[in-house]
Amino acid sequence: MLEVDQESFTTLDLGDLPDLSEYIQDDYIPVIDTDVLFGDAWLNNGEESNSFSDVVVPTELAHADSHQQRQRNKLTSKTNRRRKRKQAATIPRSTRSQQCTDENTPSKPKKRRPADKPQRKEAQDEPAVTQSTDTGSEPSAAETAGITSTPQRILHLQHPIQFIIPDRPGYVQTLRFSPPVIGLPLLFPLLVPAASPPCKRQVQPPSPVDGAVAPVQMSSSPPGSLSDSASKAMPPLCNSPLSPSNEMPPCKESPLPQSPTVLDIPQVVQDYIQEVKAHRSQTCQVMEESLNLTSHYVDMQVSQREILRSGKSSNKCLDKELIIMGDTDRQKSLIGQSQIFEGSNGDKSKRYILLLGNAGMGKTTLIKKLCLDWSRDCIPQFDFVFLLDGKALTLTKPTYSLQTLLLNLSSFAPSCMDPEAVYAQILAAPKRVLIIFDGFDELREYESLLQTQEKDLITSLQKDSKAQTYTVRQLYSAILQRVLLPGCTLLLATRPRGTASQLLRRADSFLEICGFTPTDVETYLSQYFTDPALRASALDCLKNCSYLHLLCWNPALCRLVCFVLEQSKSLEVLPRTLTGLCHQVIRLKMEKDSRGTHSQAEDPTQRSLQSEEEIQTQISNNNQTKSCHKITQPKSRAQFRTCSRPQRARRAKERETEENEVDGEGMKSVEGEVDRTEERELLSQLSALAWEGVKANSSNLPTGRTLSAKLKAFSLRTRLFLSHPLGMKLDVSSGEGEEGERQDKEKVRGGEKGDRKGNRSRKDIENFDADEDHIVSWANPFLQSYLAGVHLSLSRTVSDRAFLQTLPFQSGPKGRRRPQREELELTQRFTVGLLFHNRTELLRLHSNTETSLRDMVVNKQALVTKHLEGLSHSDLSPAQVLEACHYVYEASFTHGNGSRGSGSTRLVTHLAANLSDVLTFHGVPLNPPDVFTVQNVLERGGNEGRSFSLDLEDSGIQVSGLRPLVGLNSINTYRACIADVITLWEQLEQNGEEGLLRGAVSKLNIHPLKATQVCHVEHLVKLVNIHMHKRLSDSCRQLQSDSILAEGVPAVKELYKLEFELGPEKGPLALPKLWDILPGLQNLQHLDLENCKIGDRGAEKLADALASLCSLEILNLSQNCIGDHGVKRLVATLRDLPKLHCISLYSNVISDEGAESLAAVLPHMASLTELDVMYNKLTDVGAQSLGASLRNCEKIKTLRMWNQCIPYGVFERLQQQDSRILWH
């Protein structure tokens, strides 16, 4: 490109330039109106110093015959148009269709046409303007004189104007003219950039970093099109300085990921993107009632998870395949929200991401925060972010295409002005698109969408025919299976339980929300309670209630706790269980709704009488004041009687008012009784709906279910239900679409105002869900499960037989325990807790009489007690043992203090007395509330004289939860993540807790140790170093741990078995660390290094490390690619190990030379009883050598050495000679 800069000039002399009409359509060369041109906002720049002005320039006087000259000019222009019309007739139709315009078309630029939209080929009335070499098209001297005879308009410009003129294919000539003054003839076709709407905030487009103009082949429009030429004429926006109002907001996490080179985005698409960002910056703010992201959001901790990738089973459970990390490793794996879409260690970006989290952990809130960050330009790698809700699967009619699904059905998206252009940009750059799936209650919903579709349907979807429509399920499935938009990034929010074979094969990143830390809980409370006094009181009360404080680990439960602390009159009586918490939330919601109903239902006539009385009293008071000012002498009897008349009238009214209040109180008591009865009836209906949802494993109400107006209004007022809008958004060009968008905005603003006022209009809430475009769902999963428990425990429709079938720990048809879902587990927990709750409180939850309620509760209490006491606790899995601890805790502490005298403590005492001595929670995630309930049972067991060995390995228990368990007197030994144990020791040493540190060191047990991850070996290395150096840290001074660790770590001395199950990929990474610590494991008896890819070099290092293991008895080196050289080095060390009695060299690469080395040392290994060299490369020569050596080894009981290289006859003869030689 050739650039010519003209820095200073007074007149515009472009020389002999080609005609621009060939490259620019007639729409871009209208007859320029001077008022429009010189009043343009872009040229004016909004500054007086840069505004256009009329400046008189000395010119020649107008010719006397100027009128005739103008007539000749008109004739010449007509002749030119006829000549061009004739030339246009010779141009091919396809070329002319691109240049022709309608004479009735208004003089404004056309809308950009999407890349895949064909251009119109209709003949136009006005002939095309083509390039012509005729001199008649050039202005004559007389015409020029006529033009210059009028005063010129001087343009004062702030920015340079750049003319880009195509010279020939592949070569562009550029002329750039700089300010301050450019003199332009009025009739010259001036090219200026299109003025942007002043109300829109301009941001930098996703262009290359250096601001260079994108090449022609990267344009989203076809070459030679209007949008292509216009984009070349536009100056790069990224070079223009940003005003203070246009600066991008700073992001919390820096640096931002670098945006790659992208396609040129048309201006209409850029406007739509900015409109979406502006819309989401408002709509995504709302978290729930009276809370928003800006003021109440606490940064969510997200950790990167790994999976085992073991086996090829078609029925894999995601929670079983996820590797459970310790607390220390989890802190290291935390990532920022800006790193969610980035690869680790320089890997490529993640394109299929699973966001995992249990109920209430904040998945939806985090997604809203991501959308809000995108609207603030903190996630620049995506131009489009679409949020697809799982609730839309209820729309079963095939009325959607991919375009309407993304632009009309996605959440938090405004109406689109030009959907064709936006959709074309989405298809052109799918890697710049992020699609988020949320609102799916279970993994099986994703698995059903990932089932293989029919070939005809896939072919139809890939054609992307706009005439063909599909159901939402079909489109969701096509997006998840990469049939549609295969290059986009997918983020799927789900719960970790359930089968996920399809997702395990497709996902390349697994993220999990970790929940609130104690610091996060304090931060949340400080943001929730704005009053400092109330905030301090709430924190003190929460810290005094340990279990309630631990429940705040879950963000949804933390919100409920704050609601209770805010609404409770007496903060001393706080619930001690999850059942008590949800019960109090329901009770407070009902009381709040009742107060709001009574305040709005106040009698208007009573208010008018009260106001009239106040007015009369005010008038009488004013009269008294005036009379006192006028008369200063003592009042006479008549005057006293005159002044007392209003008082007597007022007293009479007061007596009448008191009588009315007495009558009103009686009426209110009757009305209050009616209201309570109605509330109990509504709660009974809600509890039945909740149980139906739990059975169906859905938080959505059935679409075909008809709800009464009272029930719907009550549920929406109390925020037990939420109403979600679904369905197509209308076109914004129609009146209905504008009205719908206006109503959406008003709902957002109205919701914010309603949150500030604390109430909403009853009539609006009742009609809020009247249409079919809304779906109703439960607002909180814990309250849904609680009400389902109310139905099971208090409903007369649930028979004893049906109730027994819903109790936990039911056996399947083959005697196996059925896996429990999260909602069902919560419901069963609430059911047990409610049966042992205060019966007076239970009367408020269901429409039962006191007598029937008492009989029902007593009967079901007996059923629950008999069922739980009849369990065989030794047959329970670790997860079921944990649930049993929750059940007995809810029964013991929901009502009362759980003392020994209360009848509900019978269950916890029975459980503690019947648990196994070795209590394991291996592989079961333990959150803070789980640890508290386990601690409760172990303490009760200690009171009964029990002692336990506790296995907490691979449970993910936090260090703060490990500490109270280790300190229990009923714990003899414990095992947990070694890194977390070391962290606990260091904390105890820093806090000076010598007694607890001594017990934590002495109770630790790591035998047997199975390393399945490289981090396990790293943790063992730290522990062995502490054992060898006899102190926690080399940098520590003489502290309390020196005396405690004077003889080392007892757990290291008692480690007798070490197994490596790292596999051939991870094994070579961990083996170098093992060689260093093996000399410190002097009491090791069993070393299993199978399938670790040791090789000959590793065998040499292993031989050096084994020299100090005098207690070694079993050595397994199977499948390790060990050859003759490695065996020769090993046998030199193994012959000196006095207790070694079993060696396995199964499936290596040992040949005859290695067999001879083994045969030479076998007679010297006095303790060896078993040798396995099967499936090596031995031939008959090596087999005969080992057979001959075996005759001199009397203690060897078995020798396995069969492989395909040994002739059958030779091996059979060896077996006949010595029966200790075996096939397998």
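Let's start with a knot of rings: F437, F440, Y446 and Y476 are joined into a cluster through ring pairs. Keep in mind that this is a predicted model. One member of that cluster turns up again in the largest nonpolar core, which holds 279 residues. F437 is among the residues with the most contacts inside that core, alongside I435, W985 and F1060. Take I435 as a way in: leaving aside residues up to four places away in sequence, I435 touches F386, L388, L406, I479, L485, C488, T489, L490 and L491.

Back to the rings. The structure holds 21 aromatic pairs. One of them is Y524 with Y528, where the ring centres are 6.3 Å apart and the planes meet at 20°, so this pair counts as stacked. The cut-off at work here is that planes under 30 degrees apart count as stacked. Both tyrosines belong to helix α18 (residues 518-528), and because they are 4 residues apart, about one helical turn separates them. Y524 is buried, at 6% relative accessible area, and Y528 is buried too, at 10%.

Now compare Y547 and Y889. This aromatic pair is tilted, with 4.9 Å from centre to centre and 50° between the planes. Here the pair links distant parts of the chain: Y547 sits in helix α20 (residues 546-551) and Y889 in helix α33 (residues 878-893), 342 residues apart. Y547 counts as buried because its relative accessibility is 2%, and Y889 is buried as well, with a relative accessible area of 3%.

Rings also meet charges in this model. The charged end of K277 sits over the ring of W374, 5.2 Å from the ring centre. For K589, the ring underneath is that of F563, and the charged end is 5.2 Å from its centre.

Finally, have a look at strand β17 (residues 774-778). How many of its 5 residues are buried? The count is 5 of 5, so by the under-20% cut-off for relative accessible area the strand is mostly covered. In a regular strand, side chains alternate between the two faces of the sheet. In β17, H774, V776 and W778 lie on one side, with I775 and S777 on the other, and both faces are covered. As for its neighbour, β17 pairs with strand β16 (residues 721-725) in the antiparallel sense, over 5 bridges. To find one of these bridges on screen, go to P725, whose bridge partner in β17 is H774.

Note on methods:
Residues numbered from 1 in each chain as written. Predicted model: local features only at pLDDT ≥ 70, side-chain atom pairs only at ≥ 80, totals over all residues. Heavy atoms only, no water. Phe/Tyr/Trp six-rings, centres within 6.5 Å; stacked < 30°, edge-to-face > 60°. Helix = DSSP H or I, 4+ residues; strand = E, 2+ residues; numbered from the N terminus. Buried < 20%, exposed > 50% of the residue type's maximum accessible area, 1.4 Å probe, protein only. Lys NZ or Arg CZ within 6 Å of the ring centre and 35° of its normal. Core = buried A, V, L, I, M, F, W, Y, C linked by side-chain atoms within 4.5 Å. Contact = heavy atoms within 4.5 Å. Pairing = 2+ DSSP bridges.
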